[in-house]
Amino acid sequence: MVKSLYEHLNKLSDPPKKRFVENFTGRELDDKVWNFHKNNSSSTILPLDEIDGGIKLDCAGTAGFDFLSHNNICNFKSNACSVIWNCKVNVGSQWGCGLGSDKSDVDNSTVYLSGTTSATIKMYTWNSAGQDGGVGTSLGFKGNRVYHKYQCDSLSTGTQGSIDNVLEASQTAKVLNTDMQPWAYVYNATTELQVNYCEAWNT
């Protein structure tokens with residue numbers, strides 16, 4: 001069990017400020033921490049009985065947004081925070097993971113990496129003035145059914161997204177202006193998103 005990827009990737013002399021770590025262990029999702037907002041009654045979120053552990057978000061054959069979040073408890077500063085999600089997805093799915101201010105909407109203060117049905121990954125940033133249109137259109141799909149580390153950073157100068165510790169996208173046109181929470185979603189009928197780690201912190 002990993003206690004903190006931040007501590008693996010940063011100097012001990014540079015500790016994080018407020019921090020949250022989740023390994024998604026146990027037989028059920030901790031509903032005192034997480035909220036699964038379903039737009040489809042058939043969607044499910046289930047613990048995974050496999051060596052890597054974690055949970056699976058499944059749209060169960062119906063198109064529509066389903067969100068995993070802290071139920072709108074936004075403890076992370078709008079332009080001074082980061083999040084890591086360790087996820088495994090399937091080609092052709094539509095999903096996203098990052099930070100968001102609303103447990104049931106992508107159109108508010110958000111920064112997230114999103115996989116699309118065309119098997120590309122983009123970073124999107126929304127603030128009160130709207131969306132940036134997506135950065136990183138050339139990013140290829142990073143591996144079918146393989147876990148990868150997706151990181152989003154909200155900075156005073158803009159946002160950036162990294163995959164497996166490699167900076168893949170950045171933008172300065174949109175600066176986020178609302179505090180956020182760890183936030184992930186699945187959308188279309190073929191989507192399964194498996195998650196076994198999340199860490200968020202103020203910078």
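# A tour from Trp85 outward

Select Trp85 to begin: this residue is buried, with a relative accessible area of 0%. The structure on screen is a predicted model. Its mean pLDDT is 83, and 84% of the residues reach 70 or more. Colour by confidence to find the two extremes: helix H1 (residues 5-9) has the lowest mean, 60, and strand S12 (residues 148-155) the highest, 94.

**Stop 1: the partner of Trp85**

Across the whole structure, a search finds 13 aromatic pairs. One of them joins Trp34 and Trp85; the ring centres are 5.9 Å apart and the planes meet at 55°, so the pair counts as tilted. Trp34 sits in the loop between strand S1 (19-22) and strand S2 (35-38), while Trp85 belongs to strand S6 (residues 81-89), so the pair ties together parts that are 51 residues apart in sequence. Select Trp34 as well: it is buried, at a relative accessible area of 3%.

**Stop 2: strand S8**

Next, select residues 110-115, which make up strand S8. Is this strand enclosed or open? Of its 6 residues, 6 are buried, so the rest of the structure largely encloses it. In a regular strand, side chains alternate between the two faces of the sheet. In S8 both faces are covered: Thr110, Tyr112 and Ser114 are buried on one side, and Val111, Leu113 and Gly115 are buried on the other.

Now add the neighbouring strands. Strand S7 (residues 95-100) pairs with S8 in the antiparallel sense, over 6 bridges. To see one position in detail, pick Trp95, which stands opposite Gly115 of S8. Strand S9 (residues 120-127) also runs antiparallel to S8 and is joined to it by 6 bridges. Here, pick Val111 and look for its bridge partner in S9, Thr125.

**Stop 3: an aromatic cluster**

From S8, keep Tyr112 selected and add Phe65, Phe67, Tyr124, Trp183, Tyr185 and Tyr187; together these residues form one aromatic cluster.

**Stop 4: Lys174**

Finish at Lys174, in the loop between strand S14 (166-171) and strand S15 (181-186). Is Lys174 buried or exposed? Its relative accessibility is 13%, and the cut-off for buried is under 20%, so Lys174 counts as buried. Show its surroundings: leaving aside residues up to four places away in sequence, Lys174 touches Thr125, Asn127, Ala129, Gly130, Gln131, Asp132, Gly158 and Thr159. Among these contacts is Thr125, the residue already met as the bridge partner of Val111.

Conventions
Residues are numbered from 1 along each chain as its sequence is written. This is a predicted model: local features need pLDDT of at least 70, side-chain atom pairs count only at pLDDT 80 or more; totals for chains, interfaces and linings use all residues. Side-chain values use heavy atoms; hydrogens and water are left out. Helices (H or I, at least four residues) and strands (E, at least two) are DSSP runs, numbered from the N terminus. Buried means under 20% relative accessible area, exposed over 50%, partly exposed in between (1.4 Å probe, protein chains only). Contact means heavy atoms within 4.5 Å. pLDDT is the predictor's confidence in each residue, from 0 to 100. Two strands pair if DSSP finds at least two bridges between them. Rings of Phe, Tyr and Trp (its six-membered ring) pair if their centres lie within 6.5 Å; planes under 30 degrees apart count as stacked, over 60 as edge-to-face and the rest as tilted.
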